[in-house]
Amino acid sequence: MDLKTFTQLPFYIKLACVLFSLFAIGCLVILGKEILSPLLFSCLFSILLLPLARFFELKMHLPRSAASMIAVVLFLSVVGVIIYVIGSQIADLVSDWPAFQAQISRSMYNFRGWVSEHFHITRRKQLNVVNTATSKVTAPDAAAVGTTLLSLSSMVLFLVFTFIYTFFFLLYRKLIMKFLVSVFLEENKAKVHEIIEQVQMIIRKYITGLLIEMAIVAIAVSVTLSVLGVKYAILLGLITGIFNLIPYFGIFSSMVLSATVTLGTSQDSTVVIYVLIAFVITHLVDSNIVLPLVVGSKVRINALVTILGVVIGEMFWGISGMFLSIPVIAVLKIIFDRVESLHPWGIILGDEEKKQNKLARRLTTRKKKVQTAEE
């Protein structure tokens, strides 16, 4: 059955076919998580590392295998340094765990006294609620420790396979491109090749912008928390930068985590309020200035689709799905915008054109003038 015949079928038949296809794709995505998740990450990493691999191959005259391996090793070194810094900070936090637990208990005791004084709720009633929550946070059992170790081993295997796949994507990129073009009809090959090139270019700029934004947020939060005298400011800054890749949910999660660590390590409980204010200001500056300026508007996705994508990604693949949801939606929007029959889906994924705030627009204009002068 060709496309023209399918479009002439009754609506309920076309709807049933679409729903069945979505259901089948969803089942395949859930069942294939262990394979598809590292493949998608490696695909994004290979797009990001492609210019570096081309540099070693064309400028340094290295074989493609050596150029691809060097690019992956350099990227792995950067990731390794970040993991080492986070791991060392977490090790210090674990060594201070008894003091952290005692400080949390004291803070909760003082808080219960404040609630009892102002809201006339007895300490006993508060204690029944608080003990349930604090016991899970401050006294992990053996099962939780075993689950954590299992998660760490799974994460190590995930990273190993991701970087192996990244190397092979870079090594066999021409073969993969030839396959993607050859599976379509002859009259569509030029269009397919154009879409693939545009997806690579835009996604590379998009991911690069997100990494720069992540670094800016991590440095800003680390410096701010250090000025406030918060312990483990570097750890919290790195976690905030990484979590910030998850829209809306990431900054809220890192704010709660930072407030909890501050409450457990600071003698002055009022510092927590300043930490919360700092996170709110950071989020406002990031969303209104840094994000429009650094990431730009190459792929504009509306907030509703963003939240739905993050929620569905978490339902399918957990945390990795939350990180992958936005790049996957961005790729789908690029494809939808360039295929005429799918253009309406690109519209619903996109956002209305909005004027930038004056500061972001002024900085963007100045950035374009500098780039024009350099060229």
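## A charged trio around Glu-57

Let's start with a contact between opposite charges: Arg-64 and Glu-57 form a salt bridge, and their closest N and O atoms are 3.2 Å apart. Keep in mind throughout that this is a predicted model. Is Glu-57 buried or exposed? With a relative accessibility of 18%, Glu-57 counts as buried, because the cut-off for buried is under 20%.

Glu-57 has another partner too. Its side chain meets that of Arg-173 in a salt bridge, with 2.6 Å from N to O. Arg-173 sits in helix 8 (residues 173-182) while Glu-57 sits in helix 3, so this pair ties together parts of the chain that are 116 residues apart in sequence. Arg-173 is buried as well, at 16% relative accessibility. Put the shared partners together and you get one network made of Glu-57, Arg-64 and Arg-173.

## A salt bridge inside one helix

How many salt bridges does the count come to? The answer is 3. Besides the two that involve Glu-57, there is a bridge between the side chains of Lys-333 and Asp-337, at 2.6 Å from N to O.

Here both partners belong to helix 14 (residues 319-338), and they are 4 residues apart, about one turn of the helix. That spacing fits a handy rule: an α-helix has 3.6 residues a turn, so residues three or four places apart point the same way. As for how covered the two partners are, Lys-333 is buried at 12% relative accessibility, whereas Asp-337 is partly exposed at 31%.

## Rings that pair up

Now for the aromatic side chains. The whole structure has 9 aromatic pairs. Take Phe-45 and Phe-75: their ring centres are 5.0 Å apart and their planes make an angle of 55 degrees, so the pair is called tilted rather than edge-to-face, a label that needs over 60 degrees. This pair links distant parts of the chain, since Phe-45 is in helix 3 (residues 33-59) and Phe-75 is in helix 4 (residues 64-95), 30 residues apart. Phe-45 is partly exposed, with 22% relative accessibility, while Phe-75 counts as buried at 16%.

Compare that with Phe-55 and Phe-56. Their centres are 5.6 Å apart with 65 degrees between the planes, and this pair is edge-to-face. Phe-55 is partly exposed, at 40% relative accessible area, but Phe-56 is buried, at 13%. Rings can also gather in groups: Phe-41, Phe-45, Phe-75, Phe-158 and Phe-163 make up one aromatic cluster.

## Helices 3 and 4, end to end

How far apart are the end C-alpha atoms of helix 4? They are 46 Å apart, and that agrees with the 46 Å that its 32 residues should span at 1.5 Å a residue. Some of its residues are tucked away from the surface: the buried ones include Ala-67, Ala-71, Val-72 and Leu-93, along with Phe-75 from the tilted ring pair.

Helix 3 passes the check as well. Its 27 residues should span 39 Å, and its end C-alpha atoms are 38 Å apart, which agrees. Where does helix 3 bend? There is a bend of about 45 degrees at Leu-49, and a proline, Pro-51, follows within four residues. After helix 3 comes His-61, which has a positive phi, near 60 degrees.

## A nonpolar patch on the surface

Let's finish on the outside. A nonpolar surface patch is formed by Ile-30, Tyr-248, Phe-249, Leu-304, Ile-307, Leu-308, Val-311, Ile-312, Met-315 and Phe-316, and together they have about 910 Å² of accessible area. Which helix gives the largest share of this patch? It's helix 13 (residues 303-317), with 7 residues.

Ile-307 is one of the patch members, and its place is in helix 13. Its relative accessible area is 35%, so Ile-307 counts as partly exposed.

Another partly exposed residue is Ala-215, at 36% relative accessible area, and its place is in helix 9 (residues 189-227). The C-alpha atoms of Ala-215 and Leu-238 are separated by 8.2 Å, although these residues are 23 residues apart along the chain.

Key:
Residues are numbered from 1 along each chain as its sequence is written. This is a predicted model: local features need pLDDT of at least 70, side-chain atom pairs count only at pLDDT 80 or more; totals for chains, interfaces and linings use all residues. Side-chain values use heavy atoms; hydrogens and water are left out. Patches are made of residues with over 30% relative accessible area and no salt bridge: like charges are joined within 9 Å, nonpolar side chains (Val, Leu, Ile, Met, Phe, Trp, Tyr) within 5 Å. Accessible areas come from the Shrake-Rupley method with a 1.4 Å probe; for residues, only the protein chains shown count as cover. A salt bridge is a side-chain nitrogen of Lys or Arg within 4 Å of a carboxyl oxygen of Asp or Glu. Helices (H or I, at least four residues) and strands (E, at least two) are DSSP runs, numbered from the N terminus. Buried means under 20% relative accessible area, exposed over 50%, partly exposed in between (1.4 Å probe, protein chains only). Rings of Phe, Tyr and Trp (its six-membered ring) pair if their centres lie within 6.5 Å; planes under 30 degrees apart count as stacked, over 60 as edge-to-face and the rest as tilted. The expected span of a helix is 1.5 Å times one less than its number of residues. The bend at a residue is the angle between axes fitted to the seven residues ending there and the seven starting there.
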